[in-house]
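Work through the exercises below with the sequence and the model at hand. Each task is followed by a solution in steps.

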Amino acid sequence: MSKNWFGELKNKTGITVFTVLIYFTGFPSILKACAVCFSGTEETLGAFYLTTLILIILPIAMIVGVVLWLYKKKLSSLNHSG
Amino acid sequence: MKWSLLQHLLVAGEVNLENRPKRKPIVPSGVFGMVIFIITEVMFFSGLVSAYLIIRAGLEEWPPWGQPRLPIESTAFNTLLLIISAFAVYQSRKFLKNNLITKASQFHLGAILLGFCFLVLQGYEWVQLLQFGMTLSSSVYGALFYLIIGAHGLHVFGALVLMTYGFIHFKREKSFETISSNLLPMQILWYFVVGIWPLLYTLVYLI
Amino acid sequence: MGQQAEAILHETEAHDAHHEMSFWDKYIFSVDHKIIGFQYMFTGLIMAAIGGYFAYAFRMQLAWPGEEVPFYGLVDAAKYNMLVTNHGTIMIFWVAMPVLIAAFGNWLIPLMIGCDDMVFPRLNRLSYQIFLVSALVLILSFFVTGGGFGGAWTSYPPLSAVAAYNLTNWGASLWLLAVFLEIVAFLLGGINFVTTTMNARAPGMGMMDIPIVVWMINIAVILFMASVGPLVAGAVMLFFDQRLGTSFFIPSGGGDPLLWEHLFWFFGHPEVYVVLLPTMGIVAEIITVFSRKKLFGYRTILYTAFGTGGLSFIVWAHHQFVAGIDPRMANVFVVTTILISIPIAEMLFSFIATLYGGSIEFSTPMLWALGFLVSFLIGGVTGIYLGASALDVYFHDSYFVIAHFHYTFFPITIIGMFAAITYWFPKMFGRMMDETLNKIHFWGTFIPFNGLFLPLFLVGMAGQHRRIADFTQYPDLASPDLQSIRIFATVSLVILLLFQFVFIYNFFNSMFKGKKAPLNPWKANTLEWTVSSPPPHGNFAELPTIYRGPYEYSVPGREEDYWPQHLAPNQ
């Protein structure tokens, strides 16, 4: 039993990784230790999340869209000539 | 002596450019350039929209106390005008495809006039809002309104100038294919300007 | 080959006699892509001189605080702020972008893909004219009352938005206007680049036959186009805050100062890759030619560049780890930030694999390219520390950050620029550069560059903050140990700047009096080496047809070790 997942070395690293992950994903506000940090309300944070998402998705989606459009055009032009 | 040295320094002579084979690109250069420009424009407006969402989320009262409400109904009519103008452009393209140049030019002109009406009504709305005490510096509410709607208005104006300039193609060119390909970039810009308006209207006026 | 070039020369001279253009039409209001490229390049070089001069002034102040700086005068706190702000702005917006993207993009793209000119030549000219105006507006901002803007190149509000805080009422607005115009100029230029590459390639040139540098410039331009919008929106809003009394970024009026960082860095971080990728392309060209080997992993490099482009949109919040963003969001951005080092590292590995086993010739362009690899590696590796939010809390705004981004930006901008200029000089001006002076210039730049920025890592780790003009007021930072490190860095900077005069002399001397360059001095494959040097208007006497990719070096069973793209398979 002490040789597999709960083995001496694996146990320690496993638990450390697990704890760190929990802290990082679950309770990051505990890590909020800087003196200058002030984020208005929860709504502002939500708006920042939303706009971050918009700003991330839009350019990538548009570029991929244009590339696909060109690819389709190219295919159809090949079909026409050949 | 030095002068003649300079004359051949950066560019030596010229090449005869006649008899170059014509290229047939998948997408015409004008259209492709306009598509890239519109990507930038979409990002510009998404920047404005981000600003709107974040600033609005930070304020408790929206619209702030003492600021007038925006006229939803009259602007809805205005929105309708803009959408009809996009359909007019679409019809104009259709006529052009069938080689009906006069009809196409009429619809093109109609689209320009509708866009112009939109601008005038929008300007009238601004004058009224200013009279009600909503200015750029009266609150962030007013500032955001004038910024976003004004940015869109400037785009409408710019696109209208281009479309009006494009109108001369009907007079000058003979072949409907040339007219069609010359007009397409500006028409794409017009579709973009029209297409983004309902989004801004919903964002700024409705919610 | 040689005879053909002779024929072109004769023909063009005869042609020239018919139709002599005035000096103005030929060099100032030209629509020729090469002239516009030169205009961008020379403007960029002049701005680089101004930026270097500013760096000299504030580094002298840091080394010997409170003393009069020779050739500048006294640097007080306000002037110090103005100097660092405009040094950063100039180096990024008026040197890196115009030289790497606009100048070499303009000059190289049509020549390398085999067409006569850009597809929108007049738009191209307009682009340069707006750029010139933007540079003049920026220079004007140094001379208005209150002096130039001093709120750092990131120009965080409310400092930048309220004249009562920054004390540069007009300087701040003119600075903003200049940045805005500069961006508009590059938008016009960028549309041109992508459309030209898309639509005007020589017959036979498929997507995978385009030289890496052209690809890289195009990817950079697309990144720029897709990321600049929010900054333009933010710049307009900041301008309104300054001049029209709105309060988008002023908390007392209901605005949000974090919003500016949000919009600014959304552009600001892709911008790093916008300037990095062209240099990567230039280095790829040079390394392949001087290793006499096929480029290792053309497609790999291309796909990693796409990956870098995609990832570059999702890393920007790492600039705001201590600005008060949600820590949950910060965690996501730590992961993406460290992720983006993978494609870049892969690209560098490709270059190293190209070098491996090649017959390397240490000419000056190759030295610059290798210098780029070495120093950019240091810049990239230190970036991994800064990308982790826990470490960033300590390192933020320290000289460690300064050293890190100078180890990325200096190789990208200055080393990349010199690599490109020394490599393409024979084609640009039809004459060879003096190799000895070039090598003196290389070592005289490369060694002081390390002498300048390596010590800054140390003072950064000791806690030196980046926005302090005079450290004597801070007992911990004014210790003689730290001060001697600062003096060492400043002396290195002065040596570095002095060695640039070697380059200036060599540049102009070679331009007028250098040895005549052969058509293809480096025995390279790409198309620009097939035209006469300097290339005529319209570039190619006969439109080339492309038969193979650009990196066929040392092909087995061929007499010569290079195989130009335009030669038919039986030639």
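Two residues count as in contact if their C-beta atoms, placed from the backbone, lie within 7 Å. The model is a predicted one.

**Exercise 1.** Determine how many residues chain B and chain C each bring to their contact, and describe the side of chain B by helix and by class.

Solution.
- Step 1: chain B contributes 38 residues to the contact, and chain C contributes 54 residues.
- Step 2: on the side of chain B that touches chain C, α2 (29-58) and α5 (140-172) of chain B each supply at least two residues.
- Step 3: α2(B) gives the largest share of that side, 17 residues.
- Step 4: sorted by class, the side of chain B that touches chain C holds 24 nonpolar, eleven polar and three charged residues.

**Exercise 2.** Find which residues are joined by a cis peptide bond, and place the proline of each pair.

Solution.
- Step 1: most peptide bonds are trans.
- Step 2: in chain B, the bond between B:W62 and B:P63 is cis, with omega about -5°. B:P63 sits in the loop between α2 and α3 (72-97) of chain B.
- Step 3: in chain C, C:S533 and C:P534 are joined by a cis peptide bond, with omega about -5°. C:P534 belongs to the segment after α17 (480-513) of chain C.

**Exercise 3.** B:N99 and C:D397 have a positive phi. Locate both and decide whether each is buried, partly exposed or exposed.

Solution.
- Step 1: most residues other than glycine have a negative phi.
- Step 2: B:N99 has phi near 65° and is found in the loop between α3 and α4 (101-131) of chain B.
- Step 3: a residue is exposed if 12 or fewer other C-beta atoms lie within 10 Å of its own. B:N99 has 12 C-beta neighbours inside 10 Å, so B:N99 counts as exposed.
- Step 4: for C:D397, phi is near 60°, and the residue lies in the loop between α14 (389-395) and α15 (399-429) of chain C.
- Step 5: C:D397 has 15 other C-beta atoms within 10 Å and is therefore partly exposed.

**Exercise 4.** Classify the packing of α13 (364-387) and α15 of chain C.

Solution.
- Step 1: the two helices pack at an angle of about 160°, and their axes are 8 Å apart.
- Step 2: angles over 145 degrees count as roughly antiparallel, so α13(C) and α15(C) are roughly antiparallel to each other.
- Step 3: the crossing of α13(C) and α15(C) is left-handed.
- Step 4: by class, their contact has 14 nonpolar, eleven polar and no charged residues.

Notes. Residues are numbered from 1 along each chain as its sequence is written. Chains are lettered from A and ligands numbered from 1 in the order in which they are written. This is a predicted model: local features need pLDDT of at least 70, side-chain atom pairs count only at pLDDT 80 or more; totals for chains, interfaces and linings use all residues. Helices (H or I, at least four residues) and strands (E, at least two) are DSSP runs, numbered from the N terminus. Ala, Val, Leu, Ile, Met, Phe, Trp, Tyr, Cys and Pro count as nonpolar, Asp, Glu, Lys and Arg as charged, and the others, Gly among them, as polar. A residue is buried if 20 or more other C-beta atoms lie within 10 Å of its own, exposed if 12 or fewer, and partly exposed in between; C-beta atoms are placed from the backbone. Axes are lines fitted to C-alpha atoms, for helices over the stretch in contact, and angles run from 0 to 180 degrees between N-to-C directions. Angles under 35 degrees count as roughly parallel, over 145 as roughly antiparallel, 65 to 115 as roughly perpendicular and the rest as oblique. A crossing is left-handed if the near helix is turned anticlockwise from the far one by less than a right angle, and right-handed if clockwise.
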